[in-house]
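Thanks for sending this one over. Here are a few notes to read alongside the model.

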Amino acid sequence: IKKIFSGVQPTGNLHLGNYLGAIKNFVKLQNEKENECIFCVVDLHAITVKQDPKELKKNIRETAATFIASGIDPNKSIIFNQSMVPAHSEAAWILSCVSRIGWLNRMTQFKEKAGKDKEKASIGLYSYPVLMAADILLYDATHVPVGDDQKQHLELCRDIAQKFNNDFNATDFLKVPEPLIQKEFSRIMSLKDGLKKMSKSDPSDLSRINLTDNSEEILNKIKKAKTDPLPLPSDIKDLNERPEAENLLGIYSSLKNQNLEKSIIEFKGKNFSEFKEKLSETLIETIDPISKEIKKLLNDEGYLDKILLEGSNKANKIASKKIKEIKDLVGF
Ligand code: AQP
């Protein structure tokens with residue numbers, strides 16, 4: 001049995017990168033027989049940068065709605081939000097006493113997110129990966145599906161698990177998880193800059209396709225997406241130094257569940273306007289039903305709150321048992 005755990009931050013504007021890099025894969029894993037899946041709305045992670053309380057509440061529901069609209073079935077998988085299960089915060093503290101500052105200093109996401117003035121970043125942003133390790137280790141997760149940007153955090157989680165087991169003479173107590181990172185298209189880039197990852201926090205809405213965008217918005221964003229003056233390449237090697245072309249072809253391939261080579265054959269020598277038409281069409285086919293379903297679900301806050309409450313109860317049963325064992329080992 002594979003025990004799958006993954007999380008998404010409720011920081012608004014869930015986008016195509018989150019979908020193709022993570023959520024689409026969650027659904028696939030859920031539908032494989034025997035897998036036990038837990039998908040968490042990581043609201044404790046969200047407050048590592050300042051959030052407006054009302055917006056946060058709305059975003060928690062919206063993330064849950066996005067999970068469900070994308071195909072995660074609350075009857076098959078546990079969907080819950082992190083702050084409703086106290087063991088996450090407790091385990092994060094204990095694990096932060098096992099983690100080394102030197103390990104955290106190497107985390108590139110902190111360097112990127114903290115910006116120039118690191119002294120002004122929150123301590124939470126710095127210890128973000130320790131909380132992530134707590135999330136995963138509390139459920140004995142064996143596999144963690146994430147986008148490529150989370151690879152380093154997963155490696156840290158493995159180090160933390162091993163050090164805890166060593167420090168407390170508890171061989172194999174915390175299970176060392178495997179990352180599940182797609183080989184292809186694991187990093188979707190901004191529509192405005194092929195070298196920057198598509199991100200919720202990018203100030204330009206034109207840089208990303210939101211999962212709540214309607215057909216017109218998708219058409220407009222793809223029309224305005226950055227390209228280069230050349231026609232589409234006829235060979236994969238010709239994508240070198242053409243990050244925007246590579247990204248758009250990657251998005252198309254990922255949506256079509258086909259490899260890049262196949263898409264290159266399909267569009268070789270064509271101009272971008274023709275390709276963009278096809279790309280928009282494909283995007284709308286995938287995103288439009290999700291977008292409509294999210295909007296429908298958001299009209300029923302009671303239903304979403306019930307799903308999160310029931311999910312949290314299930315998660316709490318598992319996590320409270322594990323945190324008790326952790327506390328025993330520590331000597332509390
Ligand atoms: N551009 C991306 N391509 C592929 N996968 C991505 N993920 C995020 N961006 C991309 C994956 O989505 C999952 C949930 O992400 P998250 O919201 O918890 O964390 P994040 O990486 O901080 O997302 P953003 O959009 O980049 O948010 P901001 O702008 O706040 O930093 C993860 O599995 C992640 O890998």
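How do the residues of the shell around the ligand divide into nonpolar, polar and charged?

1. Let me start there, keeping in mind that this is a predicted model. The shell around the ligand is made up of 10 polar, 5 nonpolar and 4 charged residues. Among the 19 residues around the ligand, those that come nearest are Gly 17, Gly 21, Gly 147, Ser 199 and Ser 201. Helix H1 provides the largest share of this shell, with 4 residues.

2. Next, the domains. The domain assignment splits the chain into domain 1 (3-180 + 301-330) and domain 2 (205-296). Taken over C-alpha atoms, the centres of domain 1 and domain 2 are 30 Å apart. Their contact involves 12 residues from domain 1 and 9 residues from domain 2.

3. It is worth looking at the domain 1 side of that contact. Helix H1 (16-30) and helix H3 (53-70) each contribute at least two residues to the side that touches domain 2, and H3 gives the most, with 5 residues. By type, this side of domain 1 has 6 nonpolar, 5 polar and 1 charged residues. H1 thus appears both here and in the shell around the ligand.

4. Finally, the interior. The largest nonpolar core holds 90 residues, and Ala 64 and Ala 133 touch the most other members. At least three residues of this core come from each of domain 1 and domain 2. For a closer look, try Ala 133: leaving aside neighbours within four places in sequence, Ala 133 is in contact with Leu 95, Leu 156, Cys 157 and Ile 160.

Technical notes:
Residues numbered from 1 in each chain as written. Predicted model: local features only at pLDDT ≥ 70, side-chain atom pairs only at ≥ 80, totals over all residues. Core = buried A, V, L, I, M, F, W, Y, C linked by C-beta atoms within 7 Å. Buried ≥ 20, exposed ≤ 12 C-beta atoms within 10 Å, placed from the backbone. Domains from an automatic or database assignment. Contact = placed C-beta atoms within 7 Å. Nonpolar A, V, L, I, M, F, W, Y, C, P; charged D, E, K, R; others polar. Near = placed C-beta within 6 Å.
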